[in-house]
Amino acid sequence: MKRSISLRKAVAAGIAAAFACSLATGAAVYYVTQPKGELGEVYRALCEADSAVQGYFVGEYETSDLIDYTLTGYASGLGDRWSYYMSPEAYESYLDSAADTTVGIGVTVSYEEAEDGSHYLLVNSLAHASPAEEAGFGYYDEIVSVDGKTIDELGGYEEAVDNVRGEAGESVTLGVRRYETGELEEITVTREEYDQIHVTSRMLEDHTAYICIERFTQQTDEQFEQALEEMLDAGAEKLIFDLRNNPGGQLDALVNCLDLLLPEGDIISLESKSGKTETYTSDADCVDLPMAVIVNEDSYSAAEFFAAALQEYGLAEVIGEKTVGKGYSQQPFELSNGGCLELSTNCYYTPNGESLIGKGVTPDVESALSEEKTERFHVLTDGEDDQLQAAISALAS
């Protein structure tokens, strides 16, 4: 059974837009038309705060900021680490990351401070077959300038990122300090539309195929099936799946990937707030080869469930570190302000009916990287990667 959860489920209006307050001049008095119960208490408290602001606050503010912070706090108040609010800008970026293609240069960066107090953009991820990769960018390179202006001259992180972004066909010149050599270079790269590739594969020694799944998006299952077929056609006799640092993603992508590996039976069960249960199953077609799955403490949601399912069926050795233990699936609800509320809407269970909440997946073979190796994870050689070597050894025994 292969089904999709729609990304664009809408709700009627944002919380902040639903206020119905009437303020009395010179006093913190309010009149409000509001629903009853807990939601009424929320409205009443917000209207009291708004009454004080309208009557006495002397500072300046943006209404859009009030809405974003209100909804951020609302989601946080649910007490569920997996439910959260995305501003319109964050939601747009999320949709871009989940699309089949996107426009840009293909890097994800963080804002860092150098020893001299200046700032730079650190390249944390590099999209496969992207303009940046083709131009020679590497993991952990430092972007120190954009079109001749330093990051600080541009005004900081958001302004610098905005200047790196642009329309397809336009070029940008970046000052880059190389991670490997420390040398400063200028690289001109043209922004282009490129495919989002989240599954990569290669053949190791001893006919062992290595398949890395970086995240589960709407195109991951197709890419996974293609990678698996290519490795089998190349003579793979053993399979290693790497899901380290995988943040999870879409349910249908997870189900379709596991369907290729599992025999006939249950894959995952979801239970809604109303108690309705839906079970996804696999057919009898499956891969009959020795398998290992590598996970770490940053393997979340669909990533840890992938490992758990193969482990419960007795088809794969799980290698690495205990996973975080996420047991809810989320559904996005678009709001009228352009933002999105991501809510936990289902509890999910493994093929054996187990919840991963508070437990995670315990590896069959414990293996951890040193702090130094973790910091340069993306540039480790196979020989330096202790967890990969542990997976290779597990399949050899």
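## Reading a pocket, a sheet and a helix

The second largest pocket of this predicted model has a volume of about 670 Å³.

Me: How do I read a pocket like that, and which residues are closest to its centre?

Reply: Here's the general idea: rolling a probe the size of a water molecule over the atoms shows where empty space is left. In this case 30 residues line the second largest pocket, and the closest to its centre are Tyr94, Gly248, Gly249, Gln250 and Glu342. Several elements each supply at least two residues of the lining, including helix 3 (88-98), helix 8 (251-259) and strand 21 (340-349).

Me: On to the sheet. In what order do its strands run?

Reply: Six strands form an open sheet, ordered 13-14-15-18-19-22, with mixed pairing. Strand 13 (199-203) and strand 22 (365-366) are at the edges with a single partner strand each, so one side of each has no neighbour in the sheet. Further in, strand 15 (residues 238-242) pairs with strand 18 (residues 291-295) in the parallel sense, over four bridges. Aspartate 242, for instance, has isoleucine 294 as its bridge partner in strand 18. Helix 9 (residues 302-312) packs on the sheet, and its direction makes about 145 degrees with that of strand 18.

Me: And helix 11: which of its residues are buried?

Reply: Start with the general rule: an α-helix has 3.6 residues a turn, so residues three or four places apart point the same way. In helix 11 (residues 386-396), the buried ones are Gln387, Leu388, Ala390, Ala391, Ala394 and Leu395. Their arc around the axis is only 160 degrees, which puts them on the same side of helix 11.

Me: What do those buried residues pack against?

Reply: Strand 14, strand 15, strand 18 and strand 19.

Terms used:
Residues are numbered from 1 along each chain as its sequence is written. This is a predicted model: local features need pLDDT of at least 70, side-chain atom pairs count only at pLDDT 80 or more; totals for chains, interfaces and linings use all residues. Side-chain values use heavy atoms; hydrogens and water are left out. Two strands pair if DSSP finds at least two bridges between them. Contact means heavy atoms within 4.5 Å. Axes are lines fitted to C-alpha atoms, for helices over the stretch in contact, and angles run from 0 to 180 degrees between N-to-C directions. Buried means under 20% relative accessible area, exposed over 50%, partly exposed in between (1.4 Å probe, protein chains only). The arc is that of the directions from the helix axis to the C-beta atoms. On a 1 Å grid over the protein atoms alone, a cavity is a set of points where a 1.4 Å probe fits but cannot get out, and a pocket is an open set with protein on both sides within 12 Å along at least five of seven lines; lining residues have an atom within 4 Å of a point. Grid points are joined across faces, edges and corners, and a volume is the space filled by probe spheres set on the points.
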